[in-house]
Amino acid sequence: MLIIQRMTSRDLDEVMAIESKSFSRPWTREHFIEELDSPRSRPLVARTGDGGIAGYICPMIVLDEGEILDVAVRHDCRGRGIGKALVGEAIHELSLRGARTVCLEVRVSNLSALELYRKLGFRETGRRRGYYENGEDAILMEYTINDSEDLGDAV
C-alpha cells in the first residue's frame, strides 16, 4: 500500500536521509523548508504501509508552467512504481493548479529516470551542457497537459 500526501516539516529527517543517499550534491534542509513555505511549491511524500517515507517529489508552479525540482525514491524501494506514482500525482496536482506543461532536468546518465519520464509522456526539449557539478549534461524534458486527458489513466 502506498499513500501520497503533502510533505511536512516532520518528514524532513527521512527525506534528508533519502536525499543524501540519492544525490552527490543533495539539497539542504533549508532548501526543503523553503519549498514547504513557498506558495508555488507543493512537496509530496510517498508513504509505505508502515508509515515510512519511500520517496518524495518537489513540484512547483509559476503561472501556467509546472516544474519538478527534485524527486527521489529510497534505494530499497526502487523498482516498485513509487517514482511513477509520485510523478503522476505531481502532474495531477500541477494541472489542478493551472499548469499547461511540466518540465524537469535529468542527468544524461540517469537511464532509469529517462526511461520512466519517456514512458509517462515527457519528451526531450533540449540539453544543458556541463550542467552538473561533475560536468555532466542535463536533458531537458517537458510534459504537455491535455485538457481532455484523464491524468489517472495517463500516468
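This text goes through a helix pair, the largest pocket and the largest cavity of a predicted model.

The helix pair consists of α1, residues 12–22, and α2, residues 29–37, whose axes come within 10 Å and cross at roughly 125°. Because of that angle, α1 counts as oblique to α2. The crossing of the two helices is right-handed. On the α1 side, the contact is made by Leu12, Asp13, Val15, Met16 and Glu19, which meet Arg29, Phe32, Ile33 and Leu36 of α2. By class, the residues of this contact are six nonpolar and three charged, with no polar ones.

Both α1 and α2 also take part in the lining of the largest pocket, where each supplies at least two residues. The same holds for β4 (65–73), α3 (82–96), β5 (101–107) and α4 (111–120). The volume of this pocket is about 1300 Å³. Its lining has 41 residues, and the closest to the pocket centre are Phe23, Val71, Val106, Asn110 and Tyr117. Sorted by class, the lining of the largest pocket comprises 18 nonpolar, nine polar and 14 charged residues.

Enclosed space is a separate matter. Rolling a probe the size of a water molecule over the atoms shows where empty space remains. In the whole structure, the search finds one cavity of 30 Å³ or more. The largest cavity has a volume of about 30 Å³. Arg42, Pro59, Glu93, Leu94 and Arg97 line this cavity. Of its lining residues, two are nonpolar, three are charged and none is polar.

Key. Residues numbered from 1 in each chain as written. Predicted model: local features only at pLDDT ≥ 70, side-chain atom pairs only at ≥ 80, totals over all residues. Heavy atoms only, no water. Axes fitted to C-alpha atoms, helices over the stretch in contact; angles between N-to-C directions. Helix = DSSP H or I, 4+ residues; strand = E, 2+ residues; numbered from the N terminus. Parallel < 35°, antiparallel > 145°, perpendicular 65-115°, else oblique. Left-handed = near helix turned anticlockwise from the far one by under 90°. Contact = heavy atoms within 4.5 Å. Nonpolar A, V, L, I, M, F, W, Y, C, P; charged D, E, K, R; others polar. 1 Å grid on protein atoms, 1.4 Å probe; cavity = no way out; pocket = protein on both sides within 12 Å on 5 of 7 lines; lining within 4 Å. Points joined across faces, edges and corners; volume = space filled by probe spheres on them.
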